[in-house]
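Let us walk through this model together, from its sheet and helices to its cores and rings. Keep the structure open beside you as you read.

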Amino acid sequence: MSDIKSTVRQQPNPEYGTELIREWHPESEAKGTVVLVHGLAEHSGRYERVGRLFADNGFSVAAPDLFGFGRSGGDRADVQDWDDYLDQVGRLVEGADRPVILLGHSMGGLIATSYALGDHPKPDLLVLSAPAIGGGAAWQKALAPVLARIAPGMHIPNNLKGEQLSRDPEVGEAYFSDPLNVFKTTARLGNFLFAAQTAAAPQLDQLAIPTLVMHGGSDSIVPPASTALLGDLDGVERRLYPKLRHEIFNEPEGPQLVAEVVDWIGDELAKNS
């Protein structure tokens, strides 16, 4: 890879104080823009390798720290309204050079799905990495609205283990030593997440954007079975990687998977050229 590094800009936000956006840019004119949305508990800085790989392949990348995470403002692991995340994505999609590829991982994949199904400026392509469109026990979903009503700011531990993220032990070690990661979630955000899953489920067949779904077959965080139905939809291609765990781009095969995304983008754009 080249010496491309991320640049960071912060802008004021009236509700959350500040919003951080991390960017990577190719050395020549960009072929398009990847808007990258991170998952629960993490932040955009964990995507340094992914951002550089896309930039090396000619794409600009813009990745926000979602409100409540990383260096964006807000109470930790909390958000006042799920639509605030959709608005974050919308500002980047609307302001980006076309074509725009919206890429979301885990909770970020659910946010990207909610965004694509809503009334927002649309990206040209959608890429979902282990999107959290399903998962969670029935009792958790039943309890979530109760806790969100009586104790919205209560923090609930995520209870993740490093080996769930990647087969590379260094990924887990770096994850738990990162001071910007948040290892608990508020009851309010958990309820928003489950509500977004419920809202998206009956609308998935309305996805009108060419979509690539990528999921590790050994993912113990977001069940692989939860994305199986996406593979049956027109305009959606689902790729399952049996050995890979939750963070497919942080697996040893990560660079090859980014290359797959780049090839898929090229093929899809060629269809409309």
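Two groups are in contact when heavy atoms of one come within 4.5 Å of the other. What you are looking at is a predicted model. With that contact rule in hand, start at helix 4, which spans residues 138-150. Its buried residues are Ala144, Leu147 and Ala148, and what covers them includes strand 7 (155-157) and helix 7 (187-200). Ala144 also marks a bend of about 30° in helix 4, with a proline, Pro145, following within four residues.

Now turn to the sheet. Strands of a sheet pair through backbone hydrogen bonds, either parallel or antiparallel. Here 8 strands make an open sheet with mixed pairing, and their order is 1-2-4-3-5-6-9-10. The edges belong to strand 1 (7-13) and strand 10 (236-241); each has a single partner strand, so one side of each is left without a neighbour in the sheet. From one strand to the next, the twist averages 20°.

At one of those edges, strand 1 runs antiparallel to strand 2 (residues 17-24), and 7 bridges join them. Look for Pro12, which stands opposite Thr18 of strand 2. Helix 1 (residues 48-56) packs on the sheet, where it touches strand 2, strand 3 (33-37), strand 4 (60-64) and strand 5 (100-105). The direction of helix 1 makes about 50° with that of strand 2. Helix 8 (residues 254-271) packs on the sheet too, touching strand 5, strand 6 (125-129), strand 9 (211-216) and strand 10. Its direction makes about 155° with that of strand 6.

How is strand 3 placed, mostly covered or mostly open? Mostly covered: 5 of its 5 residues are buried. Thr33, Val35 and Val37 point one way from the strand, while Val34 and Leu36 point the other way. Strand 3 pairs with strand 4 in the parallel sense over 3 bridges, and the bridge partner of Val35 in strand 4 is Ala62.

Next, the interior. The largest nonpolar core holds 43 residues, among which Trp82, Tyr85, Met107 and Ile111 touch the most other members. Strand 3, helix 2 (82-95), strand 5, helix 3 (107-117), strand 6 and helix 7 each supply at least two residues of this core. Helix 3 gives the most, with 7 residues. Trp82 is a good place to zoom in: leaving aside residues up to four places away in sequence, it touches Met107, Leu110, Ile111, Ser114, Leu189, Phe192, Leu193 and Ala196. There is also a second, separate core of 28 residues, including Leu103, Val127, Leu257 and Val258.

Finally, consider the rings. The count comes to 5 aromatic pairs. In one of them, the ring centres of Trp82 and Tyr85 are 5.8 Å apart and the planes stand at 75°, so the pair is edge-to-face. Both residues lie in helix 2, 3 residues apart, about one turn of the helix, and both are buried. Tyr175 and Phe176 form an edge-to-face pair as well, at 5.0 Å centre to centre and 85° between the planes. What sets the burial classes of these two? Tyr175 counts as buried because its relative accessible area is 3%, under the 20% limit. Phe176, at 37%, counts as partly exposed. Ring pairs link Tyr175, Phe176 and Phe183 into a cluster.

Technical notes: Residues numbered from 1 in each chain as written. Predicted model: local features only at pLDDT ≥ 70, side-chain atom pairs only at ≥ 80, totals over all residues. Heavy atoms only, no water. Pairing = 2+ DSSP bridges. Axes fitted to C-alpha atoms, helices over the stretch in contact; angles between N-to-C directions. Bend = angle between axes of the 7 residues up to and from the residue. Buried < 20%, exposed > 50% of the residue type's maximum accessible area, 1.4 Å probe, protein only. Core = buried A, V, L, I, M, F, W, Y, C linked by side-chain atoms within 4.5 Å. Phe/Tyr/Trp six-rings, centres within 6.5 Å; stacked < 30°, edge-to-face > 60°.
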